[in-house]
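Let us walk through the aromatic contacts of this structure. Start with the rings, then turn to the charges that sit over them.

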Amino acid sequence: MISRFFSFFSLLAFGGALGFAWAVMGDKPLSMPYLMSGALLAGLLWMLVDAWRGYRVRSWLRQGDLGMAPEISGWWGVLIDRSRKLLRERERSIDASEQRLKDFLSAIQASPNGVVMLDSNAQIEWCNQTAAAQLGIHPERDVMQRIGNLLRDPVFTAYMAVEQPNEAVVMAGRKDRVDRPVRISIQRHRYGEGKQLLLTRDVTLLEQAEAMRRDFVANVSHEIRTPLTVLSGFVETLQTLDLNAEEQKRYLALMAIQADRMQGLVEDLLTLSRLEGSPTPSLQSTLPLAHLMQSCEQEAHGLSDTISHGAEPQHIEFQTDHLLGDAVLLGNERELQSAVSNLVSNAVRYTPAGGRILVSVGQGSDGSLMVEVRDTGAGIAAEHLPRLTERFYRVDRSRSRESGGTGLGLAIVKHVMQRHGASLSISSEVGQGSCFKLTFPATRWRLNP
Ligand code: ADP
């Protein structure tokens, strides 16, 4: 500032001196007016230059482009430097804020949950892709649209009408279809001045798991209650009636059947829960194919004799490709044994007397190993096939129970196969018979050297 005054007064003095010199050189009688006029003109010139500089600085500030700063010395130059420094700092802080906002928005975008921000009029300010996909709104086109105009589900409308909702609401998602339901949970929170935040979450799997859990508990209770009721009926009979030894023996035998049924059910349930909770079977433990086939063959004949009650026995045959005599399956011995034996015992149980059962082992062209269990039983109608591996799903309930079935056998087989990276495929024709095929990938078996 001092330099500014200094330059101003120096110029005044210089102008005055020039005026004075002019008067002296021109022999003017009065030199004072010349001196004053010279100083005045110099002052005006200074102000003009100063105004011009000020004008350039103002234009630059208006533009706000740091790179276009005018090259001016003196006081205005200092002002430009200071302003440039300030602007640079401001720009840096704006850049940092913008980056933070970008990071924040990309984090919300990456979230598996949906986020919708509404203004005080319930108009969409911003939403992430997840919310857009779940609710069927467009993240750009629908900005500033009232959410109520876009989502017309009565459940949602009623939810938005509540002043302070405590709980989330669940409604059908945009991709909801009769054969493939999609359920979205929406939770509303208030924030800022009348603004609202909607958090959305796909709860389809959760709801399905909950429904499955309910069905499972109901099924287990039902399965246990039936033999338990029969058992307690027999106990009551034994307690109240005076039965002879022969009758008592008969009742006790019937009670043993029900107890066995319950025991079978509990064992299958425990097997399933063990399968769910244990890690993937290792490739280090092995089960020789020949052992597996042998024990299944013995089991099959034993079961066939038990259930045929002297009627014509079933024709049961086991065939193993001669190249696979030394093959071993890699995985959990107990699980693999239970999977194959479940299929074989089903074939025996669902094939009438005189029928044929063929268990064969062969190699696929892709290096897989296949275990096939074919029977000439009653067969299964096509509509049941996709559901056979569901827990407690039976085509013929009474037939399954009569033959000691728990309804969990194929669920166990499927689970064991999945854990070993193998697969179960079922083909069947009513009146012709069924074929259950286990396919083990090349990584799950080898020929013993
Ligand atoms: P279950 O203990 O009732 O046999 P599974 O899970 O082993 O339960 O089988 C489910 C249902 O699939 C059975 O109830 C039966 O209706 C049908 N099923 C299984 N294997 C055969 C087969 N070999 N032939 C005909 N139906 C079968």
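Rings of Phe, Tyr and Trp, the last by its six-membered ring, count as a pair if their centres lie within 6.5 Å. The model is predicted. Searching the whole structure under that rule gives seven aromatic pairs.

Take Trp75 and Trp76. Their ring centres are 5.0 Å apart and their planes meet at 75°. Edge-to-face requires over 60 degrees, so this pair is edge-to-face. The two residues fall in separate burial classes. Trp75 has 28% relative accessibility and so counts as partly exposed. Trp76 has a relative accessible area of 15%; buried means under 20%, so Trp76 is buried.

Next come Phe216 and Phe392. This pair is tilted, with 5.9 Å from centre to centre and 45° between the planes. It links distant parts of the chain, 176 residues apart. Phe216 belongs to helix α7, residues 204-240. Phe392 lies in the loop between β10 (369-375) and α11 (397-402). Burial can be read off here too. Phe216 is partly exposed because its relative accessible area is 26%. Phe392 is at 3%, so it counts as buried.

Phe216 has a further partner. Arg391 lies over the face of its ring, 5.4 Å from the ring centre. A second arginine is placed over a tyrosine: the charged end of Arg188 sits over the ring of Tyr159, 5.7 Å from the centre.

One group remains. Phe5, Phe8, Phe9 and Trp46 are joined into a cluster by ring pairs.

How values were computed. Residues numbered from 1 in each chain as written. Predicted model: local features only at pLDDT ≥ 70, side-chain atom pairs only at ≥ 80, totals over all residues. Heavy atoms only, no water. Phe/Tyr/Trp six-rings, centres within 6.5 Å; stacked < 30°, edge-to-face > 60°. Buried < 20%, exposed > 50% of the residue type's maximum accessible area, 1.4 Å probe, protein only. Helix = DSSP H or I, 4+ residues; strand = E, 2+ residues; numbered from the N terminus. Lys NZ or Arg CZ within 6 Å of the ring centre and 35° of its normal.
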